[in-house]
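Me: Got a minute to go through a model with me? I'll put it up and then fire off some questions.

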Amino acid sequence: MDELFASMPDGMDLQPGNAETKELDPKAIEISELSKAGYQYLKENNILEAEDAFKKILALEENNNYALVGLGDSERKRNHFHDAIDYYTQCLASHPGNNYALFGLADCYKALNQYHKAIEIWEQYLIHDDRNITVLTRVADAYRKIRDFKKSKQLYLRVLDMDENNAYALIGLGHLHYDFKEYRDALYYWSKMLDINENAVDIRVLTSIGNCHRKLKTFENGVTYFERALTMDPNNFYALFGLADCYRGMNQQFRSVEYWNRILDLDPRNKVILTRAGDAYRNMGDYENAKVYYQKALDIEFDLYAVLGLALISKGEGKYDEAISSLSRLIQADPKNYRLYIDLADCYVKTNQKTQAIETLQSFQKQGIRSQAVAELLEKLNG
């Protein structure tokens, strides 16, 4: 609510009556004092005292808009969004178009992931104040959540027209383009954030830029930003993950393992990281360590990639029958994973079972899924 106070037009007053009436009417004066006290309590996060003040107002004046909004804000601070909605709705029933109630109601629907409802209400708010940057960025965020790229971008850019360095709009545009796999555009907006705040950079901006480079496969550039993030927080998960994945992309598995293990020091039961570390050791030819990590992942619960890793170790050790058995079971669990068919076909080739290799690849193609790698291997085997 505090940020909204700062963005409301001058002169907006939620309390009834004019200034002269308030000066003469003891009840109006009491309501005014209770209102001030209630919102001061809210700022101090003293919700019980705030509620008490707002309820005293309602005892003096039923359906007082300031009290109803205050009670809605109190419930919203507790994350009791449905109760907050009831108060805001009650306020709007008596005071249609009340901007504070509209703002709170929209924020509740956003918190409940009901973005379409939130957008509808924020747009009602914008009828009264179409240059409110706080609301415009919220609507843009909501459109981003429902994957309406065009409307989201239009609103973020509208904010930048009013405030060219607005952090919320720049970050939102970065996320919007990243979500739609437009990594170069995302990099542009996040880099602009970095230029503006070079001396007080947010670590999330650094990891976001790093992730763009990771997606663009410009791994060396990504390493620079992730390392910088680690100087700010040595245990930052996203920085550690980003570095590990960049070194994996650069085929420097020995460096990759270092960062996978740093994550595991902090979160030893992270199944995804255990399989990534297993993959790194396997690619280094260290099968014994790889088996340990894959097994740790499987001890938590079944993991397709851990079983695949063990199957590829069997293949690497020349235990083709074991690999064929494991890969065949994995195909039953994940029949659309083209990589499984390629590895299984390769095992058949290595055991002089060319016909079975061809049939394996054809069984994949019969599903109507296209894979250039499968098509090329099949053409090679039929050649």
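Me: How much space lies in the largest pocket?
Reply: About 410 Å³. Keep in mind that this is a predicted model.

Me: Which residues lie nearest the centre of that pocket?
Reply: His 175, Asp 202, Arg 204, Val 205 and Ser 208. They belong to a lining of 18 residues.

Me: And which helices each supply at least two residues of the lining?
Reply: H11 (167-179), H12 (183-196) and H13 (203-215). The one that gives the most is H13, with 6 residues.

Me: How does the lining divide into nonpolar, polar and charged?
Reply: There are 10 nonpolar residues, 6 polar and 2 charged.

Me: Let's look at Asp 185. Which helix is that in?
Reply: Asp 185 is in H12, one of the helices supplying the pocket lining.

Me: Is Asp 185 buried or exposed?
Reply: Neither, it's partly exposed: its relative accessible area is 36%, so it falls between the 20% limit for buried and the 50% limit for exposed.

Me: How far is Asp 185 from Gly 174 in space?
Reply: 7.2 Å, C-alpha to C-alpha, with the two positions 11 residues apart in sequence terms.

Me: Switching to aromatics. How many aromatic pairs does the structure hold?
Reply: 13. Tyr 188 with Tyr 189 is one pair, with the ring centres 4.9 Å apart and 80° between the planes.

Me: Is that pair stacked or edge-to-face?
Reply: Edge-to-face, because the 80° angle is over the 60 degree cut-off.

Me: Why does Tyr 189 count as buried?
Reply: Because its relative accessible area is 11%, and buried means under 20%.

Me: Which residues do ring pairs link into a cluster?
Reply: Phe 237, Tyr 238, Phe 241 and Trp 260.

Me: What about charges over rings: which ring does Arg 147 sit over?
Reply: The ring of Phe 180, with the charged end of Arg 147 placed 4.3 Å from its centre. There's also Lys 296, whose charged end sits over the ring of Tyr 293, 5.4 Å from the centre.

Me: Now the whole chain. How many helices and strands?
Reply: 23 helices and 0 strands.

Me: What's the radius of gyration of the chain?
Reply: 29 Å, whereas a compact globule of 383 residues would have one near 21 Å. The C-alpha trace spans about 100 × 45 × 40 Å along its principal axes.

Me: Last one: what percentage of the residues is buried?
Reply: 46% of the 383 residues in the chain.

Technical notes:
Residues numbered from 1 in each chain as written. Predicted model: local features only at pLDDT ≥ 70, side-chain atom pairs only at ≥ 80, totals over all residues. Heavy atoms only, no water. Phe/Tyr/Trp six-rings, centres within 6.5 Å; stacked < 30°, edge-to-face > 60°. Buried < 20%, exposed > 50% of the residue type's maximum accessible area, 1.4 Å probe, protein only. Lys NZ or Arg CZ within 6 Å of the ring centre and 35° of its normal. 1 Å grid on protein atoms, 1.4 Å probe; cavity = no way out; pocket = protein on both sides within 12 Å on 5 of 7 lines; lining within 4 Å. Points joined across faces, edges and corners; volume = space filled by probe spheres on them. Helix = DSSP H or I, 4+ residues; strand = E, 2+ residues; numbered from the N terminus. Nonpolar A, V, L, I, M, F, W, Y, C, P; charged D, E, K, R; others polar. Rg over C-alpha atoms; globule rule 2.2 N^0.38 Å.
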